[in-house]
Amino acid sequence: MSSAEEQAELAVAELRSAWGVQPDGVWAAPGRVNLIGEHVDYNGGRCLPLALTRVTAAAARRRDDDRVRLASTDPSAAPFEGTLADLGPGAVSGWAAYAAGTLWAVQQAGVDVPGMDLAVSSDVPLGAGLSSSASLEAAVAIAAAELAGRDDDEALRHLLIRAAIRAENEVVGAGTGGMDQTVALLAEEGSALLIHTRDLRTEPVHLGLAEAGLELMVIDTRVSHTLADGQYAERRADCDEAARQLGLEWLSDAGPADVERLADPRLRARARHVVSENQRVDTVVELVRAGRVAEIGPLLDASHASLRNDYEVSAVELDVVVAAAREAGALGARMVGGGFGGSAIALIRPGDAEAVGDAVLAACRQRGLAEPVTLTVTSGPAARRIC
Ligand code: GLA
């Protein structure tokens, strides 16, 4: 059974046990892993994530009144009960802020969201830098739009992306960019998604990993991070300040010479990361399109070094697993997502999977760090109706 089918069944069972109803439909949306283009999405840059086959499923039943009842199979996520009028900023907290906040933002975007009973189930690991939150938002958003009778087309998907970003920024209070929500709603199976983040224009980029005899491994350090904490916001503020000092709307419009004009060494380092990371994205896209995906390893390595040294968002666990993966034969490896823990990716040959897995485990044990979990990932589809 696929991850989506399994999570759909669990969500339906939860809807029955929590709220005693059968669903009108079940929707699922994927987590993501970012191949390259980290911490550029709020700087008007380019990134290249792919959707995972792991999903959050949402089973939902339309109600005739304005009540909203939300439940999750996660035992630490308490059920939420409210009305359509009280889902916005300040009204909800915890996991429900993602789900209720999305319903609020979809309503704010002009969709006539009905009252509903809803239950979710997910196998996207939480806090692993794999965007469990955007998968929850996207699943709830598409469920709400379809319960409201909207046709699923590209215009609707763009509306839902904006709403999910708004929910995260204004209700959850995490000032994240739009990479995660965009890939959750627009990904294409078998491809990565090149996102031009300033206008959310996207282009699928066929990866051809299997054809090249390669695999992407995710190494979850199992050290949790929360994006709502101060570090992410501080990086964002540094970038805004660097762009302001350079007289630019977007820091991604800076060139290497502009970076050198910044007097403050910290802002200079942050800008150096953003400018060089956008260049790396462009080079990776060129290589992949030319059928040379096996050559992107050094760019992954360079991205990690830039995130560690210039952007300062890595963590000892990430540095250890990245180094161990490379020593055990990975062609390239880097941290992914917001940082401060979470996951790394390694580009490997399938025959090296066991050696890389053993090496990262041994390296973490030797240093007394949490034991990482590895999984091989393939590119899955975007948010969709399951049944
Ligand atoms: C988190 C955010 C994204 C993005 C990444 C870093 O995943 O949700 O918007 O900024 O960090 O690339």
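Start by colouring the protein by its domain assignment: domain 1 covers 3–206 and domain 2 covers 215–377. Keep in mind that this is a predicted model.

Next, place a centroid on each domain, using C-alpha atoms. The two centres lie 25 Å apart. Now select the residues where the domains touch. Domain 1 contributes 36 residues to this contact, and domain 2 contributes 44. The cut-off for contact here is heavy atoms within 4.5 Å.

Now select the ligand. Where does the ligand sit? It occupies the largest pocket. Keep the domain colours on and expand the selection to the surrounding shell. Both domain 1 (3–206) and domain 2 (215–377) supply residues to that shell, so the ligand lies between them.

Show the shell as sticks. It holds 13 residues, each with a heavy atom within 4 Å of the ligand. Recolour the shell by residue class: four are nonpolar, five polar and four charged. Then label the residues that come nearest to the ligand: Glu38, His39, Asp41, Asp180 and Tyr232.

Three of these labels deserve a distance line. Which side-chain atoms pair with ligand oxygens?

- Asp41: a side-chain N or O atom is 2.5 Å from an oxygen atom of the ligand.
- Asp180: the distance from a side-chain N or O atom to a ligand oxygen is 2.6 Å.
- Tyr232: a ligand oxygen and an N or O atom of the side chain are 2.5 Å apart.

Finally, switch on the surface. On its own, the ligand exposes 300 Å². The protein buries 98% of that area.

To close, hide everything but the ligand, Asp41, Asp180 and Tyr232. The view then keeps the contacts at 2.5 Å for Asp41, 2.6 Å for Asp180 and 2.5 Å for Tyr232.

Notes:
Residues numbered from 1 in each chain as written. Predicted model: local features only at pLDDT ≥ 70, side-chain atom pairs only at ≥ 80, totals over all residues. Heavy atoms only, no water. Polar contact = N/O pair within 3.5 Å; in protein donor to acceptor, adjacent residues only side chain to side chain. Areas by Shrake-Rupley, 256 points an atom, 1.4 Å probe, with all protein chains shown as cover. 1 Å grid on protein atoms, 1.4 Å probe; cavity = no way out; pocket = protein on both sides within 12 Å on 5 of 7 lines; lining within 4 Å. Sits in = over half its atoms within 2 Å of the grid points. Nonpolar A, V, L, I, M, F, W, Y, C, P; charged D, E, K, R; others polar. Domains from an automatic or database assignment.
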